[in-house]
Amino acid sequence: VSQSRYTGGGEPTVHPRFLDIIKYVLFQKRFQLGLVTNGHLFRPEVPEALAHASWVRVSIDAGTPETYSSIRRLKEGALGKTIENVKRLVKAKQELGSKLIIGIGYVVTKENYHELREFMSWASELGVDNIRFSAVFQPDDFEYHRYHYDHVKDDLRWIKDHYSRVRIFVSVCLCVSLCVS
């Protein structure tokens, strides 16, 4: 085993021994570590410890505070806290001269498809290495995305043309994928 990934099935950072676990994985076992997190519950020591990981992706999935709170079922102001935690992670990476790859994930749904440009207007300024757009997985596949597909496709093309500083990955839907770099 050379790497350890923490994704899905709940928020890893809420585990009471999360910091102990990642320090053990990174410093005693010397494994590569990858983490997908909502980024909302970073205790003060977490960004510095995560700066030693291989990659961290923070799932945000919204362009406005209202949609973020609704999707995440969090109180008003939650998006601001998450953004501050991303900034803390970027700062820790810079201060330690880390090779950590920091990304933001945006899963497109019927509730948030119209906020892609607004999201990019502030997400592109956070200093992350990449932003990944993907479609929510649904049993009815493309039918779920049919109504907003053209809107999303147009917005993603616009984003590609206007935000060249950040590497952007796109998986528009399960049956139609492309990579924009």
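This is a short talk on the fold, one long helix, the aromatic pairs and two odd backbone angles in a single protein chain.

Okay, so first off, keep in mind that what you see above is a predicted model. The protein chain has seven helices and seven strands. If you walk along from the N terminus, the order goes β-α-β-α-β-α-α-β-α-β-α-α-β-β. Of the 181 residues, 48% are buried. And if you take contacts between residues at least 6 apart in sequence, 68% of them join residues at least 24 apart. On the outside, about 10,000 Å² is exposed, with carbon and sulfur atoms supplying 49% of that.

Now have a look at helix 4, residues 78-96. How far apart are its end C-alpha atoms? They sit 27 Å apart, and 19 residues at 1.5 Å a residue should span 27 Å, so the two agree. Plenty of this helix is tucked away: the buried residues include A78, L79, I83, V86, L89 and V90, and also N85 and K93. What covers them? Among the covering elements are helix 2, strand 3 and helix 3, along with strand 4 and helix 5. Right after helix 4 comes G97, with a positive phi of about 60°.

Helix 5 takes us to the aromatics. There are six aromatic pairs in total. One of them is F119 with W122: ring centres 5.2 Å apart and planes at 80°, which is over the 60 degree cut-off, so we call it edge-to-face. Both residues are in helix 5, three apart, or about one turn, and both are buried. W158 and Y163 make another edge-to-face pair, at 6.0 Å centre to centre with 65° between the planes. In that pair, W158 is partly exposed at 27% relative accessible area, whereas Y163 is buried at 16%. Going back to F119 and W122, they belong to one aromatic cluster together with Y106 and F133.

Last bit, the backbone. Most residues other than glycine have a negative phi. Here are two that go the other way. D61 has a positive phi of about 60°, and R73 has one of about 55°. Both are in loops: D61 between strand 3 and helix 3, R73 between helix 3 and helix 4. So which one is buried and which is exposed? D61 is buried, with a relative accessible area of 9%, while R73 is exposed, at 77%.

That's my tour, thanks.

How values were computed: Residues numbered from 1 in each chain as written. Predicted model: local features only at pLDDT ≥ 70, side-chain atom pairs only at ≥ 80, totals over all residues. Heavy atoms only, no water. Helix = DSSP H or I, 4+ residues; strand = E, 2+ residues; numbered from the N terminus. Buried < 20%, exposed > 50% of the residue type's maximum accessible area, 1.4 Å probe, protein only. Contact = heavy atoms within 4.5 Å. Areas by Shrake-Rupley, 256 points an atom, 1.4 Å probe, with all protein chains shown as cover. Expected span 1.5 Å × (residues − 1). Phe/Tyr/Trp six-rings, centres within 6.5 Å; stacked < 30°, edge-to-face > 60°.
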